[in-house]
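Me: Hi! I'm about to look at a structure that is new to me. Could you walk me through it?

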Amino acid sequence: MSLIDIHSRIAAAAETHRRSISDITLIGVSKVQPEARVASVLEQGHRIYGENRVQEAQGRWPPFLERFEGVDLHLIGPLQTNKVRAAMALFDAIHTVDRSKLARAIARVADETGACPDIFVQVNTGDEDQKAGVSVDAADALIDECRSLNLPVKGLMCIPPVGEAASLHFALLGKIARRNGLAGLSMGMSGDFEEAIAQGATHVRVGSAIFGARDYG
């Protein structure tokens, strides 16, 4: 599948569900992808990318940022507090704020530097022990705390449990967002982004469908 194919599918889903295509951001998930594949997609004009690890992004992106203008980088993997400063220097958005300690660490650096990436609170909609994200029951409190710290909270993010209907989790995330007055919904990946668009996704995170299968070997 190609970048053009993904854009076509996003446009079709938006039309079906009476969404404006301009309200849906495609994040190309470049984690673990060979640099040649990432360069190819950059050369096609795509400018919004997601990475899972700060260290990997630090190694990959500085040369690309010198070659290509207008690139936005989104952190979509877990963030350790000792990597906050590095993450904030590189990323334009952090989708994985999931605990008070991390929010406070981001706020401290923002106060020092006078700048902060866009913030999404990650919600563990399936309450899975092995998965990052604030619990559903604690989500409102964390959102309130982020706002009290003057963080620019733009929305929520989730990764539905494998084997469960993704649409139910997307709907739940939307419900939490609405009651907190948040417009941003970062949800949907290569296998379910059209379902996410149906449920109001504003940011879809698509990797293998654009770049090809990852080789973790």
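Reply: Happy to! One definition to begin with: the radius of gyration is taken over C-alpha atoms, and the globule rule is 2.2 Å times the number of residues to the power 0.38. Please keep in mind that this is a predicted model.

Me: OK, so what radius of gyration does the protein have, and what would a compact globule have?

Reply: The protein has 17 Å, which agrees with the value near 17 Å for a compact globule, because it has 217 residues. The C-alpha trace spans about 40 × 40 × 35 Å along its principal axes.

Me: How many helices and strands are there?

Reply: The protein has 9 helices and 9 strands.

Me: And what share of the residues is buried?

Reply: Buried residues are 49% of the 217. As for the outside, about 10200 Å² is exposed, with carbon and sulfur atoms supplying 48% of that.

Me: Let's pick one helix. What can you tell me about helix 3?

Reply: Helix 3 covers residues 54-67, so to speak 14 residues, and reaches 20 Å from its first C-alpha to its last, close to the 20 Å expected.

Me: Where does helix 3 bend?

Reply: The bend is at Trp61, by about 40°, and the proline Pro62 follows within four residues. Trp61 is also one of the buried residues of helix 3, along with Val54, Glu56, Ala57, Arg60 and Phe64.

Me: What covers those buried residues?

Reply: The cover includes helix 2 (35-43), strand 2 (48-51), strand 3 (72-75) and helix 4 (84-90).

Me: New topic: how many disulfides does the structure hold?

Reply: It holds 0 disulfides.

Me: Why is there no bond for Cys116?

Reply: Because its closest cysteine sulfur, in Cys146, is 9.4 Å away, which is too far for a bond; a disulfide needs the two sulfur atoms within 2.5 Å. Cys116 counts as partly exposed because its relative accessibility is 28%.

Me: And Cys158, buried or exposed?

Reply: Cys158 is buried, with a relative accessible area of 0%. Its sulfur is 17 Å from the closest cysteine sulfur, again in Cys146, so that is too far for a bond.

Me: Last one: which phi value does Arg18 have?

Reply: Phi of Arg18 is near 55°, a positive value in a residue other than glycine. Most residues other than glycine have a negative phi. Arg18 sits in the loop between helix 1 (3-16) and strand 1 (25-29), and it counts as exposed at 82% relative accessibility.

Me: What about Asp127?

Reply: Asp127 has a positive phi too, of about 45°. Asp127 lies in the loop between strand 5 (118-124) and strand 6 (134-135), and is partly exposed, with a relative accessible area of 46%.

Definitions and conventions. Residues numbered from 1 in each chain as written. Predicted model: local features only at pLDDT ≥ 70, side-chain atom pairs only at ≥ 80, totals over all residues. Heavy atoms only, no water. Helix = DSSP H or I, 4+ residues; strand = E, 2+ residues; numbered from the N terminus. Expected span 1.5 Å × (residues − 1). Bend = angle between axes of the 7 residues up to and from the residue. Buried < 20%, exposed > 50% of the residue type's maximum accessible area, 1.4 Å probe, protein only. Contact = heavy atoms within 4.5 Å. Areas by Shrake-Rupley, 256 points an atom, 1.4 Å probe, with all protein chains shown as cover.
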